[in-house]
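Please open the model in your viewer and set the display to cartoon, with side chains available on request. The tour proceeds by selection, one region at a time.

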Amino acid sequence: MAELCHTDSSLTTLDEEMLWEKMEDHRCRIVRSICPSRLTPYLRQAKVLDQLDEEEVLHSPRFTNTAMRVGHLLDLLKTRGKNGAIAFLESLKFHNPDVYTLVTGLQPSVDFTNFSGLMETSKLTECLAGAIGSLQEELSQEKGQKEALLRQCQQLQEHLGQAEARAEGLRQLEADHSRMKHEVSAHFHEVLKLKDEMLSLSLHYSNALQEKDLATTRCRGLQEELYLMKQELQREKMSSSCEREFRERSLKMTNELEPGDEELSRLKEENERLRSLTFSLAEKDILEQNLDEALESRQELVNRIHSLRERAMAAERQRKQYWEEKEQTLLQFQKTKVDCEIYKEKMNVLQSQVVELQKERDQAYSARDGSQMEISQNLAEKDALRRKVFELTDQVCELRQQVQRLQVQAESLPGVSSQEAGAREPCPKRKQRLVRMFALCPWENSDGSSSESQLWSDLSATSSRELVDSFHSSSPVPPSQQSLYKRATEDFWEDPSSFSGCPKTLEVDQGGSLGAKKGDADLDYEIVDRADLPESENILQLSSGGLHLSASSVPLRRRPARKILSQVTVLAFQGDALLEQISVIGGNLTGIYIHRVTPGSAADEMALCPGTQIVMVDYKATEPLSKAVLEGMTLDRAVRLLQRVNGFCSLSVKVNMEGYKKLVQDLKAKVATSGDSFYIRVNLALERRAEGELQVHCNDILHVTDTLFQGGSCWHAHRVGPYSTKGTEQGTIPNYAQAQQLLIALIQDMAHKSTMTRKQPSGGAQKLVRIVSMDRTKASPLWSSFDGGQLDPSQVEGEADPSTVCFWAESYFTLVPYTLVHSHRPSRPRPVLFVPRVVGKILMEKLCLLQGFKKCPAAYLSQEEYDASSQRGDIIQQREASGGRYCVTCRAVESLMGKNTHALLDVQLDSVRVLHKMEIFPIIIHISINEKVAKKFKKALQRLGTAEDQLLEAARQEERELDEVPCLYSSLAPDSWSDLHALLGCVRLAIADEQKKVVWTE
């Protein structure tokens, strides 16, 4: 260095600013390499620091490191002036000579004659001795630390040897553990096989038991039949024995009643003998008594014989009756058997006819879809042509105004009088140009020019000719060839030269043909007062022509609305503050109906009445994009839309009294509070802040029943359970705009790491927000259908799908707090998809061994097969292969579902939308992964050739993709399972639970 030639005495010659400038240039090096405790003794001896300054530098709690202490020391020395700088540089000679050389450019020397003289020589020697002593003490301390470190190193080496021995033992244990694990897995497979065999045996045993039960029941039936036959046989035997005894008794009695001659003679002899005997009175009494008893017993026997005969005759009649009933029953059985066979034949014929009808129905559906597609294309072309006609009409108006201005300029020039004569000559009437009008149309400009009056025309005539020729037909049928030829050949433009000579007339009817029709009862003329029209409509006086119309009243044709059910009628009128003229009820489920009409208003004059359904509104006819379809729109959105109408408007309405009456009855009976009914998925957590509000968690499903609850400040909703679509808990939630603001505020709080603590459930951290962003160019059911007047022109005539009509809160944010969802109830087993996929591959290997689960294979398809499947829309996911592709197809998934089996899918999450389009709703099982959980899959990951870091990265990536999945999913917390076997059980329970739930898709 060039400065090395200077001596130490040169520092004293420098001024204070130069010295401190040198030190400030190297301040960073100084504060990093200097220990302040070594310099402070010398600085105190030099009297540039006192004891308080030393204690502040060394022990102040404000300075947390050495650099801060050295910086503060330099600041203190700077206040001491030049002496502080020289003393600081001299202290560097002893303790930091390299820093001294860097700052001053001089070689340090310990010659006492070269010091600045800030202290005495004896004090300097004492200071140096003290510094040397402190250095020796530090050296001894460092030696002691070195010995302690050596002892510690020896201890660590001993511990290392012990750890290696333990590691060797652990490796041996791990090998034994792996061997035992393999044995356990082998035994586990054997147990599974035995379980399967036992299950098959149990099935066979159950089948045998069922067969035994059937045989037992059959045997009992046969025994009952045998018992009945035995009873019938005994009854027959008894009846036959009774008949035989009766016959024997009757024969015996006849024989007894007709005795022979011998017995008669014997009786006579006995009678004579008895007469010859003489009895005493007592004996005679006894004999008489015996005779009376004998006569009584005989009478009883005779009575008994008669009763037995009657019973025998009754039994005979009953037997004959039973025999006849038996014959009739047999005949009825034969007839019933024949009828059954006939009915079977009829059913077979009917089934074949039903199959044919189903085929014809499918053909009709396909033909209908084709015709609807063709009609929609025709309507789109028709709308494009209408817009072109409107543009051409505006150009005609501008050209006519330019022509009129040119005529006014020509009249102001000389020779006007010569042209007025020719101008007042009558000219032939020409056909008025077509204008899209239904009633009185006010024009924006108010210059009172008579050329605009020719644009007023009535396109609402009801004759068949006008329906065919009108370019504003509401029918989807394309125009006829006659109409196309007429449009191409007729002179649509009028001759500009005729404007100067022809009087400007307001033609209410072309040639009086329409007004002369007697059958058109809907057309009439009214005198419209000037007060009812804007100023631009009232002034219609033609000074150059012969026709002068009064400014106070103009004859115009008015056409009231036709009250035809299910027919859409378009009404155009002055709708200033439209919601003050009418009030509406309804919603997206029932439609928007007019409930009250203010008497004397413009809506009342247009024959609007309660029960009229508003289908479409167009409140600015000069911009076709400002139209909006109210069918499928919520009541909140419809009211906000109608509040914008403040001027000339066009309403498409139809009469639907049946739907209106039903809605009014439901409102009176408090069955419903509005006509709104739709289901949403909540994408953020909403806390309950007031009474009546509903506390909502992220991913909850709500059934919204009123979007104009309590004046439109909130929605009324029911929380839907996981196993049904019925609402359980009810309350209010913020409307769409308020929910967006809450979502943004919640995201801001999360970004700024708010210190607000929230109670977390025991199962783990609760998900607070689900961030969803959408492309505004795509249709979204929750964005405004009338957002700033932006709507697809091809969907303003009613062909828009009501399910895709957006119906609430206009917004310019892309965050979606609520998502519209639809319910599904699949009857077959749903396929299963795991997140992350790496864990899914491990679980699929285990689940395939169980009954009811099977992995869906990826089939190899050639290029021709791939093209055919892709044309059918059968491809779920694909990957390239040599000569073709490996694809997971919808047919393979449906075949497994048809076998009552859960298909295990190894596909990405973006394939879920493809499956939903195919009406297949997979079960998504999310396994939460952290570092502790990743270690549990270490062995399985080694078999797959995947590291734990890769698993964690894949889990984080796929968890971010879960928020974009258009359905709900089941998540397993890390603390809910301990090992792979327990995880398998949790997964099976989760799949069974998800199969019972209702599927909600966006």
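Select glycine 105 to begin: in this predicted model, the residue takes a positive phi of about 75° just after helix 8.

Step back next to helix 8 itself, residues 97-104. Which of its residues are buried? Show the side chains of Val99, Tyr100, Thr101, Val103 and Thr104, for these are the buried ones. To see what surrounds them, add helix 1 (10-13), helix 2 (16-25), helix 3 (27-33) and helix 7 (82-95); the buried residues of helix 8 pack against these four helices.

Now move to the sheet. Six strands form an open sheet in the order 12-11-10-9-13-22, with antiparallel pairing. Its edges are strand 12 (727-734) and strand 22 (999-1001), each of which pairs on one side only. Viewed along the sheet, neighbouring strands are turned by 45° against each other on average, direction ignored.

Within the sheet, select residues 701-709 and 714-720, which are strand 10 and strand 11. Five bridges join this antiparallel pair. What stands opposite aspartate 706? The residue to select is histidine 716, in strand 11.

Finally, add the helices that accompany these strands. Helix 19 (residues 635-643) lies across strand 10 and strand 11, and runs at about 35° to strand 10. Helix 21 (residues 736-751) also packs on the sheet, where it touches strand 11, strand 12 and strand 13 (818-824). The direction of helix 21 makes about 80° with that of strand 12.

Technical notes:
Residues are numbered from 1 along each chain as its sequence is written. This is a predicted model: local features need pLDDT of at least 70, side-chain atom pairs count only at pLDDT 80 or more; totals for chains, interfaces and linings use all residues. Side-chain values use heavy atoms; hydrogens and water are left out. Two strands pair if DSSP finds at least two bridges between them. Helices (H or I, at least four residues) and strands (E, at least two) are DSSP runs, numbered from the N terminus. Axes are lines fitted to C-alpha atoms, for helices over the stretch in contact, and angles run from 0 to 180 degrees between N-to-C directions. Contact means heavy atoms within 4.5 Å. Buried means under 20% relative accessible area, exposed over 50%, partly exposed in between (1.4 Å probe, protein chains only).
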